[in-house]
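Work through the exercises below with the sequence and the structure at hand. Try each task before reading its solution.

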Amino acid sequence: MGIEIERKFLVANSGWQREADGGTRIRQAYIANLTGASVRVRRTDSCAWLTIKGERRGIARPEFEYEIPVDEADVMLASLCQEPLIEKVRYRVSRNDLIWEIDVFEGRAAGLVIAEIELAQTDQTITLPDWIGEEVTYDLRYRNAAIACSGPPAATCQSLSQTPRAPAD
């Protein structure tokens, strides 16, 4: 069984941009979004996945992810998934042998910037970069499934409206 161990943080400033890769555009939506579990379709320019996530226990939860053909993902996104789609650009920053993923949201969640880090163990110690802000791991409003249903928390977008967005490609 796959286990995702992840922590999420708001991004406090644009310092991460100096270390980030070129970014990957992501579109994703949910076939099912139940309390504690979800089934998601995610597509990048060249790949697509079907992901099933279970209920979170602390910072860990069951996760099963399967690569699927891009054309099938397009059909699922158009006909099976609940709207609206989440659109974002994911940037990666390597720090201390770990990869930070910074999601710069677009569309109805524009202005929201979240950093995520996947860990090998629930008690793993990490050093937070200076561009990391408030931890939102346990705040259900910052799960992608919640953002898809309700949009981002209003106060977050207002406070991040002054956070510079990533440079355009």
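**Exercise 1: Strand pairing**

Ile26 has Lys88 as its bridge partner in strand S6. The model used throughout these exercises is a predicted one.

Task: State in which sense S2 and S6 pair, and in which sense S6 and S7 pair.

Solution.
Step 1. Strand S2 covers residues 24–34, and S2 pairs with S6 in the antiparallel sense over 6 bridges.
Step 2. S6 and S7 also form an antiparallel pair, over 8 bridges. In this pair, Arg95 has Leu98 in S7 as its bridge partner.
Step 3. S6 and S7 form a hairpin with 2 residues between the strands. In this hairpin, Asn96 takes a positive phi near 50 degrees.

**Exercise 2: Cysteines**

Task: Find how many disulfides the model has, and explain the result for Cys81.

Solution.
Step 1. A disulfide is a covalent bond between the sulfur atoms of two cysteines. The cut-off applied here is 2.5 Å between the two sulfur atoms.
Step 2. With this cut-off, the count is 0 disulfides. For Cys47, the nearest cysteine sulfur belongs to Cys81 and is 17 Å away, and Cys47 is in no disulfide.
Step 3. For Cys81, the closest cysteine sulfur is in Cys149, at 12 Å; Cys81 forms no bond with Cys149 because this is too far.
Step 4. The two cysteines can also be classed by accessibility. Cys47 has a relative accessible area of 23% and is partly exposed, whereas Cys81, at 11%, is buried.

**Exercise 3: Nonpolar cores**

Task: Identify which residues of the largest nonpolar core touch the most other members, and which strand gives the most to this core.

Solution.
Step 1. In soluble globular proteins, nonpolar side chains tend to be buried together.
Step 2. The largest nonpolar core has 20 residues, and those touching the most other members are Trp16, Trp100, Ile102 and Trp131.
Step 3. Two or more residues each come from strands S1 (3–11), S6 (82–95), S7 (98–105) and S8 (113–118). S7 gives the most, with 4 residues.
Step 4. Take Ile102 as an example. Beyond its neighbours within four places in sequence, Ile102 is in contact with residues including Val11, Trp16, Val89, Val113 and Trp131.
Step 5. Another core, of 12 residues, lies apart from this one; among its members are Phe105, Val136, Ala145 and Ile147.

**Exercise 4: Polar and charged residues**

Task: Decide whether Glu101, Arg61 and Ser38 are buried or exposed, and list some of their contacts.

Solution.
Step 1. The cut-off for buried is under 20% relative accessible area.
Step 2. Glu101 is in strand S7 and has a relative accessibility of 15%, so Glu101 is buried. Its side chain makes a polar contact of 3.4 Å with that of Arg90. Glu101 also touches Tyr91, Arg92, Ile114, Ala115 and Glu116.
Step 3. Arg61 belongs to strand S5, residues 60–67. Its relative accessible area is 11%, so Arg61 is buried. Among the residues in contact with Arg61 are Gly2, Ile3, Glu4 and Arg143. The C-alpha atoms of Arg61 and Ala73 are separated by 24 Å, with their positions 12 residues apart along the chain.
Step 4. Ser38 lies in strand S3, residues 37–43, and at 11% relative accessibility Ser38 is buried. Contacts of Ser38 include Tyr30, Ala32, Thr51 and Lys53. Ala154 is 116 residues from Ser38 in sequence, and the C-alpha distance between the two is 23 Å.

Notes: Residues are numbered from 1 along each chain as its sequence is written. This is a predicted model: local features need pLDDT of at least 70, side-chain atom pairs count only at pLDDT 80 or more; totals for chains, interfaces and linings use all residues. Side-chain values use heavy atoms; hydrogens and water are left out. Buried means under 20% relative accessible area, exposed over 50%, partly exposed in between (1.4 Å probe, protein chains only). Contact means heavy atoms within 4.5 Å. A nonpolar core is a set of buried Ala, Val, Leu, Ile, Met, Phe, Trp, Tyr and Cys residues joined through side-chain atoms within 4.5 Å. Two strands pair if DSSP finds at least two bridges between them. A polar contact is a pair of N or O atoms within 3.5 Å; within protein, one must be able to donate a hydrogen and the other to accept it, and residues adjacent in sequence count only if both atoms are side-chain atoms.
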